[in-house]
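This report is meant for someone meeting the structure for the first time, and it moves from a single helix outward to the strands, the loops and the chain as a whole. Please keep the sequence and the model in view while reading.

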Amino acid sequence: MIKIKNLTKKYGELTVYDNFNLELKDGEITCILGESGCGKTTLLNCIVRLTEYDGEISEVKCSYVFQSPRLVPNLTVAGNLKLIRKDEKAIDGILEKVRLTDKKNAYPVELSGGQAQRAAIARAFLYDGDFILMDEPFFSLDLKLKKEISELFIKIQRDSGRGALFVTHSADEALDIADRILVINGGAIVLDVSAVGADKAELRKRLIDELIA
């Protein structure tokens, strides 16, 4: 579990979070939904200590999937994964799960956008962590690829039992992936709702209403 207590984060005179509190459960996909500039990425960066902050955040081992795959260009797919874990059997296993076995020895430049992002997801799951943080990882993908990779992510996440914190500005993406959806506005949670078993049309309307409020 990740516990965030009294998080305060400022950039100069701009206060992004002021005594912000949140608990994230193990094994659950939580989505943070909000407009650009609302502090979604800042929250992820605070959790992994990429930026300074005041307050308390549990120290939990996390892997991070960014908007772009960020693969090392002069290493093959397997070489990129070996930076995280040397175990060949584990690498072959995760490549099979993300359907990249035939690209094991390919370099990033030889991959499509979808293949590169699958490699990034494989890298995240290969890391022996408790949580996966994802910062709009499907942002640059077309709708077909977005659906394919998000479904793949959910399957692997369920198999691993890890918690995940997923950031997006798309209500539809949140509804497709999340167990729990948080809408953030002005550094505060304005809506916290379970997506499990919810009427998606009704919940989508609630989410949109909060986003444009």
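## Helix α3 and its surroundings

The buried residues of α3 pack against α2 (77-82), α4 and α5. The model is a predicted one, and the description that follows should be read with that in mind. In α3 the buried residues are A90, I91, I94 and L95. Seen down the axis of α3, these buried residues fall within an arc of 130 degrees, so they line one face of the helix. An α-helix has 3.6 residues a turn, so residues three or four places apart point the same way. The face of α3 that is turned away from the buried side carries K89 and E96, which are exposed.

The start of α3 has a contact of its own, since a side-chain oxygen of D87 there reaches to within 2.9 Å of the backbone nitrogen of K89. After α3 comes R99, whose phi is positive, and this residue is taken up again below with the other loop residues.

## Helix α5

Helix α5 covers residues 143-160, which makes 18 residues, and from its first C-alpha to its last it reaches 26 Å, close to the 26 Å expected at 1.5 Å a residue. Which residues of α5 are buried? They are I149, S150, L152, F153, I154, I156 and Q157. The elements that cover these buried residues include three strands and three helices in the list β3 (29-33), α3 (88-97), α4 (113-126), β6 (131-135), β7 (163-168) and α6 (171-177). Just after α5, G161 takes a positive phi of about 75 degrees.

## Strand β7 and the strands beside it

Strand β7, one of the elements that cover the buried residues of α5, has 6 of its 6 residues buried, so it is largely enclosed by the rest of the structure. From β7, G163, L165 and V167 point one way, while A164, F166 and T168 point the other way, and all are buried. Strand β3 runs parallel to β7 and is joined to it by 5 bridges, and in this pairing I29 has A164 of β7 as its bridge partner. Strand β6 also runs parallel to β7, again with 5 bridges, and here L133 has L165 of β7 as its bridge partner.

A pairing in the antiparallel sense is found between strand β1 (residues 2-11) and strand β2 (residues 14-24), over 7 bridges. Within that pairing, the bridge partner of K9 is Y17 in β2. The hairpin that β1 and β2 form has 2 residues between the strands, and in this hairpin G12 takes a positive phi near 65 degrees.

The table sets out the pairings described above.

| Strands | Sense | Bridges |
|---|---|---|
| β1 and β2 | antiparallel | 7 bridges |
| β3 and β7 | parallel | 5 bridges |
| β6 and β7 | parallel | 5 bridges |

## Two loop residues with positive phi

Most residues other than glycine have a negative phi, and most peptide bonds are trans. R49, which is not a glycine, nevertheless has a positive phi, near 60 degrees. R49 is placed in the loop between α1 (40-47) and β4 (54-57), and R49 is partly exposed, with a relative accessible area of 36%. R99 likewise has a positive phi of about 60 degrees although it is not a glycine. R99 lies in the loop between α3 and α4, where it is partly exposed, with a relative accessible area of 45%.

## Residue V193

V193 belongs to strand β9 (residues 188-194). Is V193 buried or exposed? At 14% relative accessibility, V193 counts as buried, the cut-off being under 20% relative accessible area. Leaving aside the neighbours within four places in sequence, V193 is in contact with D179, R180, I181, L203 and R206. Between the C-alpha atoms of V193 and A78, which are 115 residues apart along the chain, the separation is 39 Å.

## The chain as a whole

The protein chain has 7 helices and 9 strands. Its radius of gyration is 17 Å, close to the 17 Å that the globule rule gives for 213 residues, so the chain is as compact as a globular protein of that length. Taken along the principal axes, the C-alpha atoms fill a box of roughly 50 × 40 × 30 Å. Of the 213 residues, 51% count as buried. Among the contacts between residues at least 6 apart in sequence, 68% join residues at least 24 apart.

Conventions:
Residues numbered from 1 in each chain as written. Predicted model: local features only at pLDDT ≥ 70, side-chain atom pairs only at ≥ 80, totals over all residues. Heavy atoms only, no water. Helix = DSSP H or I, 4+ residues; strand = E, 2+ residues; numbered from the N terminus. Expected span 1.5 Å × (residues − 1). Buried < 20%, exposed > 50% of the residue type's maximum accessible area, 1.4 Å probe, protein only. Contact = heavy atoms within 4.5 Å. Pairing = 2+ DSSP bridges. Arc of directions from axis to C-beta. Polar contact = N/O pair within 3.5 Å; in protein donor to acceptor, adjacent residues only side chain to side chain. Rg over C-alpha atoms; globule rule 2.2 N^0.38 Å.
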